[in-house]
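Subject: Structure for your review

Dear colleague,

Please find below the structure that I am handing over to you. I would be grateful if you could read the notes that come after it alongside the coordinates.

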Amino acid sequence: MKSDFTYDLLIIGGGISACVFASKYLNNNIKKKIALIEIGRGLGGRSSTRISKGFKGWKLNHGSPNLNITNSNNNPLLKSYIDELIENKFIKIDDSEIFFLNEDSNTETIKKSEFSCGENYLPLDSMSRLSQNIIESNNLKGKIDFFFETLILDLQFDDKEWVLLSKNGEKFKSKYLICSTNLLLHKRSLKILNTKQIPLRKAIPINNDKKIDLLLSFLNKQSFIPRLTFLIYTNTNYSYKDIYPKKQRYFYLKNNLENKYKFERIIFQLQGNNKLGIVVHSKNIEFINSYLNAKDEEAFKQKIITNFNDLFEENSIVNKLTFDEKISIMKWRASQPSGIAVPLSLQFSRKYRIGFCGDWFEGEGFGRIEGSILSALILEKKINDLIK
Ligand SMILES: Cc1cc2nc3c(=O)[nH]c(=O)nc-3n(C[C@H](O)[C@H](O)[C@H](O)COP(=O)(O)OP(=O)(O)OC[C@H]3O[C@@H](n4cnc5c(N)ncnc54)[C@H](O)[C@@H]3O)c2cc1C
């Protein structure tokens, strides 16, 4: 089996930022040979959709359920890209109901979360499909090679080219490299990838490029928010107490309630099969640890349902669950970057022909899809301007 591949440009990661970058780059450089390498089974990364064989007909957005664009600086690059996504019918305005549950479980409908301020958009299909649509737009399907279930463990730069080694033993070579994930740049890679040195640091030793040194030192101070998401596959007859035809409905918990019930937000997602999926997010460290230390996962799942039912006890919209729903739990070690953001001026090293994008760059979209998209658009523009 072939295990050596050579490209003009390689992209590590298949999240939304990689897809935006790839589609824009290809559109301007149609003759370039490019490939995208992703450890997951498909595109979308942290904004993707669970389509499991065990639950036929269900599509649950288990990371980011939608996207919100604040863009208060009115960035023309971002604005015109969002317009393009709307024109292509990849996204539409999300006018779903958003409730903010306060201490008495009463609801307010004022938009107050970092995930709901600005304009909210919903993909026409699912979040994973959005990333696929982006990469397939402008008739670019088939112009890029995909390597899924491929984990890059090691990076080398040998003057002429980048050489990437995967866990499966493949070797990828390219003139340019784009990292849309910061895993290979961050100290958490030591544990996750079981390596002795941060892969990018190993490839570019200290004092060779000021930009890379600075980038790594900013990242050294970046931390990440762990999260759990609970995917609840409700029973056939489960529905709202009222009639609500839209696809999604959001409930955010204010601080006191979040501490009490351990949930951050609850997203109801109407399915193609008319069932009502429920995705619950939690970033409560105590709750996350109790899951990680749980000896009996079933007991933990029952606790989720108990908390859900207690929370919605008096609610006029949401029905209680019956305890025989199936629940699947998704653990995010690094759901969002937090703390220090990386300056956009460090996005590209000409000397090493390496570029970076993702939600870990500075700006009002830091930690969100907005930041991922904008950093990808800016990087693509920088590369095109610099290389031509
Ligand atoms: C539970 C949850 C809820 C969220 N809610 C919201 C929200 O409501 N609104 C919002 O705007 N944002 C939200 N976010 C954040 C949002 O999902 C991210 O900002 C966005 O998806 C990041 O996209 P990205 O392309 O920058 O990174 P990613 O999606 O992380 O893409 C990077 C990809 O690289 C792959 N990868 C990493 N290392 C390697 C390697 N060594 N080899 C091969 N592949 C590799 C990863 O598998 C991943 O697919 C949420 C995130 C989570 C997890």
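The notes below go through the domains, the ligand shell, the cores and the strand pairings.

Please bear in mind throughout that this is a predicted model.

Domains

The chain is divided into two domains, each assembled from separate segments: domain 1 covers 4-51 + 128-221 + 340-387, and domain 2 covers 95-124 + 225-335. Their C-alpha centres are 32 Å apart. Contact between them involves 5 residues of domain 1 and 4 residues of domain 2. On the domain 1 side, the touching residues comprise 4 charged and 1 nonpolar, with no polar residue.

Ligand shell

The ligand is surrounded by 39 residues, of which G13, G15, G45, S64 and R368 come nearest. By class, the shell consists of 19 polar, 14 nonpolar and 6 charged residues. Several elements supply at least two shell residues each: the helices α1 (16-28) and α10 (369-387), together with the strands β5 (67-69), β14 (222-233) and β18 (326-339). Where does the ligand lie with respect to domain 1 and domain 2? Both domains give residues to the shell, so the ligand lies between them.

Nonpolar cores

The largest nonpolar core has 68 residues, and those touching the most other members are L10, I11, F21 and A22. Leaving aside residues up to four places away in sequence, A22 touches I11, I34, L36, I135 and I144. A second core, separate from this one, has 29 residues, among them W58, F230, I267 and V318.

L9 in strand β1

L9 belongs to strand β1, which spans residues 4-12. Is L9 buried or exposed? L9 counts as buried because 24 C-beta neighbours fall inside 10 Å, the threshold being 20 or more. Beyond residues up to four places away in sequence, L9 touches K32 and I34, and also S174, K175, Y176 and I178. Between L9 and I378, which are 369 residues apart along the chain, the C-alpha separation is 17 Å.

Strands β11, β12 and β13

Strand β11 (residues 152-157) runs antiparallel to strand β12 (residues 162-166), and 5 bridges join the two. Within this pair, D154 stands opposite L165 of β12. The hairpin that β11 and β12 form has 4 residues between the strands, and D159 takes a positive phi near 85° there.

β12 is in turn joined to strand β13 (residues 171-179) by 4 bridges, again in an antiparallel arrangement. Here V163 faces K173 of β13. This hairpin also has 4 residues between its strands, and G169 in the turn has a positive phi of about 95°.

Strands β5, β6 and β9

Strand β9 (residues 119-123) is joined to β5 by 3 bridges, and the two run antiparallel. The bridge partner of L67 in β9 is Y121. β9 also pairs with strand β6 (residues 91-93), in the antiparallel sense and over 3 bridges. In that pairing, K92 has L122 of β9 as its bridge partner. Of these strands, β5 is also one of the elements that supply at least two residues to the ligand shell.

When you open the model, the ligand shell may be a convenient place to begin, with G13, G15, G45, S64 and R368 as the residues that come nearest to the ligand.

With kind regards

How values were computed:
Residues are numbered from 1 along each chain as its sequence is written. This is a predicted model: local features need pLDDT of at least 70, side-chain atom pairs count only at pLDDT 80 or more; totals for chains, interfaces and linings use all residues. A nonpolar core is a set of buried Ala, Val, Leu, Ile, Met, Phe, Trp, Tyr and Cys residues joined through C-beta atoms within 7 Å. A residue is buried if 20 or more other C-beta atoms lie within 10 Å of its own, exposed if 12 or fewer, and partly exposed in between; C-beta atoms are placed from the backbone. Two residues are in contact if their C-beta atoms, placed from the backbone, lie within 7 Å. Two strands pair if DSSP finds at least two bridges between them. A residue is near a molecule or strand if its C-beta atom, placed from the backbone, lies within 6 Å of it. Ala, Val, Leu, Ile, Met, Phe, Trp, Tyr, Cys and Pro count as nonpolar, Asp, Glu, Lys and Arg as charged, and the others, Gly among them, as polar. Domain bounds come from an automatic or database domain assignment.
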